[in-house]
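Here are a couple of exercises to work through with the model open in your viewer. Try each one before you read its solution.

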Amino acid sequence: MPPDPFTLTQLNPDDTALMHELLTVFGEAFNEVETYGAARPGQAYMERLLGSDTFIALVARMGDEIVGGLAAYVLHKFEQERSEIYIYDLAVREAHRRQGIATALIEQLQGIAAQHGAYVVYVQADHGDTPAIELYTKLGKREDVLHFDIAVPVTTGPSSRHR
């Protein structure tokens, strides 16, 4: 029996409720419910984010249920007049995996990337996340890089450095 059909939607400022549902999907898929649920942005912040030309959110739905989605950022380059798009999060609910939803989300993003003048879409995968690595290998060229998180010091006011 073929899987249920799904539809893809790019979220806009009127879709804050759908974005909150997508955050729930991310929290469950990544086993980080607290991270994606405890301190969600307010309505005005979410509307600004979804209306920004540097943020893209796509959802896959089966009927009224969000079964997957992605969040990506448009990075405007400085060395040339072009952009690249970074997939920050991509997830599909466990019951709906292996149905082409993640591939369709990325393909939809590729079309949006072309409209933004982007020359590449890129994404990270963690070592040991075999399904993600297999998906991304199918769709693109692998580059092995190191990723570093550099802490930002907590300040009490605006810094006078680097002005």
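Axes here are lines fitted to C-alpha atoms, for helices over the stretch in contact, and angles run from 0 to 180 degrees between N-to-C directions. Helices (H or I, at least four residues) and strands (E, at least two) are DSSP runs, numbered from the N terminus. This is a predicted model, where local features need pLDDT of at least 70, side-chain atom pairs count only at pLDDT 80 or more, and totals for chains, interfaces and linings use all residues. Residues are numbered from 1 along each chain as its sequence is written, and side-chain values use heavy atoms, with hydrogens and water left out.

**Exercise 1.** Work out how α1 and α3 pack.

*Step 1.* Get the geometry: α1 (residues 16-29) and α3 (residues 43-51) meet at about 95°, with axes 10 Å apart.

*Step 2.* Classify it: 65 to 115 degrees counts as roughly perpendicular, so α1 and α3 are roughly perpendicular to each other.

*Step 3.* List who touches (contact means heavy atoms within 4.5 Å): α1 brings Thr-16, Met-19, His-20 and Leu-23, while α3 brings Gln-43, Met-46, Glu-47 and Leu-50.

**Exercise 2.** Find the hubs of the largest nonpolar core.

*Step 1.* Set the rule: a core joins buried (under 20% relative accessible area, 1.4 Å probe, protein chains only) Ala, Val, Leu, Ile, Met, Phe, Trp, Tyr and Cys residues through side-chain atoms within 4.5 Å.

*Step 2.* Pick the hubs: among the 20 residues, Ile-56, Leu-58, Leu-70, Ile-85, Ile-101 and Leu-109 touch the most other members.

*Step 3.* Trace the suppliers: β2, β3, β4 and α4 each give at least two residues, and α4 gives the most, with 7.

Key: Parallel < 35°, antiparallel > 145°, perpendicular 65-115°, else oblique. Buried < 20%, exposed > 50% of the residue type's maximum accessible area, 1.4 Å probe, protein only.
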